[in-house]
Amino acid sequence: MPQDELVTSQEIEKQAWQLLENSIVYYQGRPIGTIAACDDSQAALNYDQVFVRDFVSSALLFLIKGRTDIVRYFLEETLKLQSKERQLDAYKPGKGLMPASFKVVIENGQESLQADFGEHAIARVTPVDSGLWWIILLHAYVKATKDIKFALQPEFQKGILLIMELCLATRFDMYPTLLVPDAACMIDRRMGIFGYPIEIQALFYTALRAARELGVCAGDTEIVSAIDDRLPLLKHHIRHHYWIDINRLNAIYHFKGEEYGTKAVNQFNIYADSLPYDKFDMWLPRKGGYFAGNVGPSQLDTRFFSLGNLMAIISSLATEEQSQAIITLIEERWDNLVGHMPMKICFPALEGEDYRIVTGSDPKNRPWSYHNGGNWPVLMWMLAAAAIKTGRNHLGEKAIEIAEARIMEDEWSEYYDGSRGLLIGREARRYQTWTITGFLLAKELLRNPDVLGLVSFDEFHPDTGSTNACEL
Ligand code: GLC
């Protein structure tokens with residue numbers, strides 16, 4: 001690399017670390033998280049809060065750098081915020097729920113934390129992903145610090161149990177996947193992802209893997225056996241019913257409908273004519289494949305959602321072959337999925353009538369903007385992690401190079417608009433913390449691939465972890 005480029009790259013990184021430092025939120029004198037965005041030029045709305053999902057990439061960086069205290073305080077304080085009581089009041093968060101975000105409020109000189117479980121959020125959306133991320137982060141903390149005693153404290157065991165109960169309880173449906181409302185994750189506005197979105201399923205699987213390892217250490221056979229019952233079913237369901245590649249597409253194209261009984265091939269009664277074959281003609285490469293966005297009754301949402309697919313690779317929810325196919329698809333369709341800024345949140349965008357009906361004509365989610373096909377730099381770390389896991393490190397490097405060309409100049413924009421992500425998002429916040437950390441974490445991962453072990457899992461075998469229980 002020529003000298004001047006090297007300097008620039010170092011300067012970008014230096015600024016990013018400084019901005020991360022500036023984003024730290026203190027509570028009663030202790031660092032407890034990072035603010036979503038430090039942008040004074042726009043209304044704060046809730047961007048002045050610490051979001052659980054946003055903090056994960058900050059936390060992993062702090063763990064890598066040995067700044068474990070901030071992650072510990074975050075885990076402790078969020079645990080205190082978790083809803084612990086059984087609620088019959090519909091306006092109170094359900095038992096076990098973790099908040100989407102929180103902020104420090106000062107009243108009469110006293111500091112306290114005010115959590116948002118969706119009761120303040122725009123459109124009152126539910127943060128199903130928060131509890132899942134919380135467990136994934138707790139597990140990463142234990143791996144980084146080797147302090148298993150921290151997670152074995154009774155209040156932490158109770159916290160994990162409540163999240164597990166919330167997720168594993170018998171519900172109104174007969175699927176091993178989690179049934180959730182629209183906008184229950186990173187995509188926190190209406191985008192037609194209610195039902196069984198891949199983002200939640202991949203995080204659910206990762207959280208189950210993390211909770212299982214912690215449960216084995218705690219000698220909690222009840223939790224471990226409940227998780228062991230669910231993991232194989234969930235894994236099989238996703239690997240089989242969500243998978244799309246040329247062969248699978250051909251099979252679906254020839255599906256018969258209205259099959260009754262347990263022997264049905266087309267179990268969910270997907271109508272073959274509901275799939276956009278013309279789009280696949282243009283887009284699906286011969287070698288690649290991916291997990292569909294959602295599978296439900298007569299529903300196969302064929303949009304590609306990045307977070308779910310990348311986390312499926314990282315957690316080994318995908319088979320080795322499927323992981324290779326997903327990353328091949330990303331490489332083959334680089335222009336569509338990465339373009340001018342890594343990487344698309346989903347592809348393709350909803351347009352025309354679909355946009356009007358599915359998003360409710362949401363002006364923020366116009367086609368190729370924000371959640372509706374925008375490009376989100378935070379996803380860079382998961383892209384780098386998935387690239388490392390599949391042995392394609394060069395793709396992570398390439399993504400960083402693309403970002404470096406503009407990310408600092410664009411003031412660490414939250415997201416980008418346009419079918420290739422050319423434009424700074426119309427309502428994007430600047431100095432968005434998870435843009436900064438997504439970039440930094442991608443760099444750290446590529447520099448030291450061992451770090452991947454904090455969030456990644458190998459193929460699941462029921463006897464994994466029974467011996468050497470606490471050598472996480
Ligand atoms: C937006 C994003 C959400 C994120 C929040 C704070 O609402 O959709 O995923 O957590 O901003 O950055």
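In the predicted model, strand 1 (residues 24-27) is joined to strand 2 by four bridges, and the two strands run antiparallel. Within this pairing, Tyr-26 stands opposite Pro-31 of strand 2. The two strands form a hairpin with two residues between them. One residue in the turn, Gln-28, has a positive phi of about 45°. Strand 2 (residues 30-34) is mostly covered, since four of its five residues are buried.

A further group of strands forms an open sheet. Three strands take part, in the order 3-4-5, and their pairing is antiparallel. Strand 3 (50-51) and strand 5 (110-116) stand at the edges; each has a single partner strand, so one side of each is left without a neighbour in the sheet. Strand 3 is connected to strand 4 (residues 101-107) by two bridges. In strand 4, Ser-101 is the residue that stands opposite Phe-51.

Phe-51 is also one of the residues that surround the ligand. The surrounding residues further include Ala-36, Tyr-47, Arg-53, Met-186, His-371, Glu-414 and Trp-434. Several side chains place polar atoms beside ligand oxygen atoms. For Asp-54, an N or O atom of the side chain is 2.5 Å from an oxygen atom of the ligand. For Asp-188, the distance from a polar side-chain atom to a ligand oxygen atom is 2.7 Å, and for Gln-432 the corresponding distance is 2.9 Å.

Tyr-370, likewise among the residues around the ligand, takes part in ring contacts as well. Lys-364 lies over the face of Tyr-370, at 4.2 Å from the ring centre. The ring of Tyr-370 forms an aromatic pair in the model, which holds 20 aromatic pairs in total. In one of these pairs, the rings of Trp-283 and Phe-304 have centres 6.4 Å apart and planes at 65°, so the arrangement is edge-to-face. Trp-283 belongs to helix 10 (residues 277-283) and Phe-304 to strand 10 (residues 304-305), so this pair ties together parts that are 21 residues apart in sequence. Both Trp-283 and Phe-304 are buried. The pair of Tyr-370 with Trp-376 is tilted, with 5.5 Å from centre to centre and 35° between the planes. Tyr-370 counts as buried because its relative accessibility is 5%, and Trp-376 counts as buried because its relative accessibility is 2%.

Ring pairs also link residues into a cluster, which consists of Trp-283, Tyr-290, Phe-304, Phe-347 and Trp-368. A further contact between a charge and a ring involves Lys-398, whose charged end sits over the ring of Trp-334, 4.5 Å from the centre of that ring.

The cysteines were examined next. A disulfide is a covalent bond between the sulfur atoms of two cysteines. The structure holds zero disulfides. In the case of Cys-167, the closest cysteine sulfur is that of Cys-185, and the two sulfurs are 13 Å apart, which is too far for a bond. Cys-167 has a relative accessible area of 7% and is therefore buried. Cys-217 also counts as buried, because its relative accessibility is 13%.

Methods
Residues numbered from 1 in each chain as written. Predicted model: local features only at pLDDT ≥ 70, side-chain atom pairs only at ≥ 80, totals over all residues. Heavy atoms only, no water. Phe/Tyr/Trp six-rings, centres within 6.5 Å; stacked < 30°, edge-to-face > 60°. Buried < 20%, exposed > 50% of the residue type's maximum accessible area, 1.4 Å probe, protein only. Lys NZ or Arg CZ within 6 Å of the ring centre and 35° of its normal. Disulfide = S-S within 2.5 Å. Pairing = 2+ DSSP bridges. Near = heavy atom within 4 Å. Polar contact = N/O pair within 3.5 Å; in protein donor to acceptor, adjacent residues only side chain to side chain.
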